[in-house]
Amino acid sequence: MNQPASAYFIEERHDPNETHTLAVLVQNEPGVLARVIGLFSGRGYNIESLTVSETEAQKHLSRITIVTTGTPMVIQQIKHQLDRMIPVYQVVDMTQTKRSIERELAMVKVRGQGEHRVEALRLADAFRARVIDATTESFVFEITGNTDKINQFIDLMRPLGLVEVSRTGVAAIGRGPEGM
Amino acid sequence: MSDKSHDPNQMTGAAMIVRALIDHGVTDIFGYPGGAVLPIYDEIFQQSEVQHILVRHEQGAGHAAEGYARSTGKPGVALVTSGPGATNMVTPLTDALMDSIPLVCISGQVPTHLIGNDAFQECDTVGITRPCTKHNWLVRDVNDLAKVLHEAFYVATTGRPGPVLVDVPKDVQFATGTYHPPRKSDVHRSYAPRVKGDATQIRKAVSLLAGAKRPVIYSGGGVINSGPEATKLLRELVEVTGFPITSTLMGLGAYPASGKNWLGMLGMHGTYEANMTMHDCDVMLCVGARFDDRITGRVDAFSPNSKKIHIDIDPSSINKNIRVDVPIIGDCGNILGDILQVFKAEAKKPDIKTWWQQIAQWRARNSLYYKKSNDVILPQHAIQSLFELTRGKDTYITTEVGQHQMWAAQFYGFEEPHRWMTSGGLGTMGYGLPAAIGVQVAHPDSLVIDIAGDASVQMTMQEMSTAVQYELPIKIFILNNQYMGMVRQWQQLLHGNRLSHSYSEALPDFVKLAEAYGGVGLQVTKPADLEGAIKEMISVKRPVLFDCRVAALENCFPMIPSGKAHNEMLLPEQANDEATAKAFAGGKALV
Ligand SMILES: Cc1ncc(C[n+]2csc(CCOP(=O)(O)OP(=O)(O)O)c2C)c(N)n1
Ligand SMILES: [Mg+2]
């Protein structure tokens, strides 16, 4: 491989990328989200989806769900880097536990008339999407499911007059009686 | 008035800051005043327990605090004003983060009601310093201040040490609230660094060590950070196992350079024997080091046939660059103690005679060789003389960054930890002079020498004024090659000898400069005069700028060319033009 002359050892890595969903329990204090996001941008990690909300108000705990991609070594790094931040209580790799459920909510606006409109409604029904707003020439659908299902629904709506989409990002939780 | 006024714990935020410093045993701080910290300066004025050293630039305060911390094992403290005061701290904070130095920086901030308004000397200090601190805080309520200050000291000094910053708006400094002394509940419950190593991993490590035929111990700054016990245990482990030991730049002094198992430093400018031992070993014990890219060379060719044990307090250091076989997370001292105990009980010293014979052959290559001259001072010779003449004295060495730094690491023998302060991870030119000030403040009667370069030393030269003011007799030993030597070396090796902007044009007269500051200037140009001049420098009890004119074009060898492995080192005697061209022709061929 031709390398540019450099003071650094430039290397290419060929490990395949994996997608992981991480649940991060943090102290809800000013700047905590900026810390987490700064870690990802500063170290060149990917964020595919990020969801955050306070989950235990009394204890000032927030839960951040991050979907990220990287080689297994990078995913490991991400978990360690998150874990060593001072306000981070716990990092759980929901993908690794294999016993987790992931959901996302999307609101999908579709504009059209006649046959397109009927077709959009029919598909929405098949995907268990609800109509939450309607005019004579448009619908807003609410759909919940995993990321694949939502992507698929949006793809189907595209030729039928897709106007815009608003998505919440992924939330994840483990199956069974135990907490994280 | 309520009876709260008689409560001794009722005080202003500014008073709390000084009180917290005292409660944490801080006796010296480094700082620079400004509008947003005047209430704190007012408190400093009215007490005598904490001595304040006034620097000439906030970067100097940060590096001085680093030097203080590294030479004592205690946290260094810096105090700066808002805006430019805080932004001038970014370099030392980053430097301390890279080298795991405990630093507590207190910065003033504009009053809370002005935050976000682009007020005079406002900047988003916590935003700017978030990626260059271990943690930072903006305190909006005076009643949170005591807790935050105590937590700051705790976070800076425990686990993997590092810099922290507490940003205190001016109104919070003026406001009155309740102070409390340090207590356990001040710390985030989410912060609990692991100290003790896992027992099964320790057993695995011992069985690898006991079965090793070609072992090596590779130690780093973590051993020094862990404290004197870790150093003692590391030395004992070397003794008990009989293993060869090398160290990173940051780890020098943990094992004595005069010790019989010492291989010298490893890495890009490490010795041939250290790098070859790393490359060919079958078991590697890495203690408190992080497989940094200056150490490993080409990652996929790094020590290809060894089982690797890695002791580190920071889990994120494990498997970051190099995949290891037995990671042990925890404090080096603690884990070394456990390893020793198990080793002594269950294993015996492996027979590694043939391995030592092999190492002796590598050593015989004499990779630090250089040709002395009677006409011109060789920089290596200058360091060797400095070492010989300060040997046995109570000496601390700091450095700037460049060739002189690598020569100092190669030719100055460190016998004890905490004696060697250098900017390793960040490579900050301008570190050494203010760091020497910090060291001298902590050790007023010791000999403190900054081994400097002519370019680096100009980056923080203004701190000579600080040294003169506080009568700190630091010695700035400049290896003056009239070049940014390290930059020139790379340009010669990798950029077709096009010496773009690496010549030190218009150098000041360092002797006159020293005198202008009220210090002492010395200059030496001939090898014959070197010894006498160094002796004079040592005997002068005032700050000295020592202009040591050295061979201008000398380069630093041995060297692992970029993109090469440990066993592809370029040795000094081979470093003629042709061999150099070949060695560096892995990638884009040299022009
Ligand atoms: C603040 C900073 N800027 C730039 C560099 C890049 N750099 C590394 S070494 C060097 C030259 C140092 O020259 P000098 O201090 O004279 O030391 P020498 O290599 O000649 O011994 C430079 C510019 C750096 N390390 N730090
Ligand atoms: Mg120079």
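Modeller: Before we speak of charge, Lys and Arg count as positive and Asp and Glu as negative, while His and the chain ends are not counted. With that convention, and keeping in mind that this is a predicted model, chain B has 53 positive and 60 negative side chains, and the centres of the two sets lie 8 Å apart.

Biologist: What does the same convention give for the mean positions of the charges of chain A?

Modeller: Chain A carries 20 positive and 22 negative charges, and their mean positions are 3 Å apart.

Biologist: What makes chain B as compact as a globular protein of its length?

Modeller: Chain B, whose secondary structure comes to 23 helices and 20 strands, has a radius of gyration of 25 Å, and the globule rule gives 25 Å for 591 residues, so chain B is as compact as a globular protein of that length. Its C-alpha atoms fill a box of roughly 85 × 60 × 45 Å along the principal axes, and 61% of the 591 residues count as buried.

Biologist: How does the radius of gyration of chain A stand against that of a compact globule?

Modeller: For 180 residues a compact globule would have a radius of gyration near 16 Å, whereas the value for chain A is 20 Å. The box filled by the C-alpha atoms of chain A, taken along the principal axes, is roughly 65 × 55 × 30 Å, and 40% of the 180 residues count as buried.

Biologist: Which elements make up chain A, and in what order do they run?

Modeller: Chain A comes to five helices and nine strands, and from the N terminus on they run β-α-β-β-α-β-α-β-α-β-β-α-β-β. Among the contacts in chain A with a separation of 6 or more, 70% join residues 24 or more positions apart; the corresponding share in chain B is 75%.

Biologist: How do you know which residues are the protein donors of the magnesium ion (ligand 2)?

Modeller: A donor is an N, O or S atom within 2.8 Å of the metal. B:Asp454 (OD), B:Asn481 (OD1) and B:Tyr483 (O) lie 2.1 Å from the magnesium ion (ligand 2), and they are its protein donors. Water is not among the atoms, so the site may look incomplete. In sequence the donor residues are spaced D-x26-N-x1-Y. The pair B:Asp454 and B:Asn481, 27 residues apart, links distant parts of the chain, with B:Asp454 in the loop between strand E17 (447-453) and helix H19 (464-469) and B:Asn481 in the loop between strand E18 (475-480) and helix H20 (485-494) of chain B.

Biologist: Why does B:Asp454 count as buried or exposed, and what of B:Asn481?

Modeller: Buried means under 20% relative accessible area. B:Asp454 has 0% relative accessibility and therefore counts as buried, and B:Asn481, with a relative accessible area of 6%, is buried as well.

Biologist: Is B:Leu472 buried or exposed, and which residues does it touch?

Modeller: B:Leu472, placed in the loop between H19 and E18 of chain B, has a relative accessible area of 8%, so it is buried. Not counting residues up to four places away in sequence, B:Leu472 touches B:Ile437, B:Gln440, B:Val441, B:Thr466, B:Ala467 and B:Pro543. The C-alpha atoms of B:Leu472 and B:Met429, 43 residues apart along the chain, are separated by 21 Å.

Biologist: Why are a positive phi and a cis peptide bond worth pointing out?

Modeller: Most residues other than glycine have a negative phi, and most peptide bonds are trans, so a departure from either pattern deserves mention. A:His60, which is not a glycine, has a positive phi of about 55 degrees, and phi of B:Asp118 is near 55 degrees, also in a residue other than glycine. As for the peptide bond, B:Phe557 and B:Pro558 are joined in cis, with omega about -5 degrees, and B:Pro558 is found in the loop between strand E20 (544-549) and helix H23 (577-583) of chain B.

Biologist: What makes A:His60 buried, partly exposed or exposed, and what holds for B:Asp118?

Modeller: Exposed means over 50% relative accessible area, buried means under 20%, and partly exposed lies in between. A:His60, in the loop between strand E2 (49-56) and strand E3 (61-70) of chain A, has 44% and is therefore partly exposed. B:Asp118, in the loop between strand E5 (103-109) and helix H6 (125-129) of chain B, has 73%, so B:Asp118 is exposed.

Notes
Residues are numbered from 1 along each chain as its sequence is written. Chains are lettered from A and ligands numbered from 1 in the order in which they are written. This is a predicted model: local features need pLDDT of at least 70, side-chain atom pairs count only at pLDDT 80 or more; totals for chains, interfaces and linings use all residues. Side-chain values use heavy atoms; hydrogens and water are left out. Helices (H or I, at least four residues) and strands (E, at least two) are DSSP runs, numbered from the N terminus. The radius of gyration is taken over C-alpha atoms; the globule rule is 2.2 Å times the number of residues to the power 0.38. Buried means under 20% relative accessible area, exposed over 50%, partly exposed in between (1.4 Å probe, protein chains only). Contact means heavy atoms within 4.5 Å. The place of a charge is taken as NZ of Lys, CZ of Arg, CG of Asp or CD of Glu. Donors are N, O and S atoms within 2.8 Å of the metal (3.2 Å for Na, K and Ca); water is not among the atoms, so sites may look incomplete.
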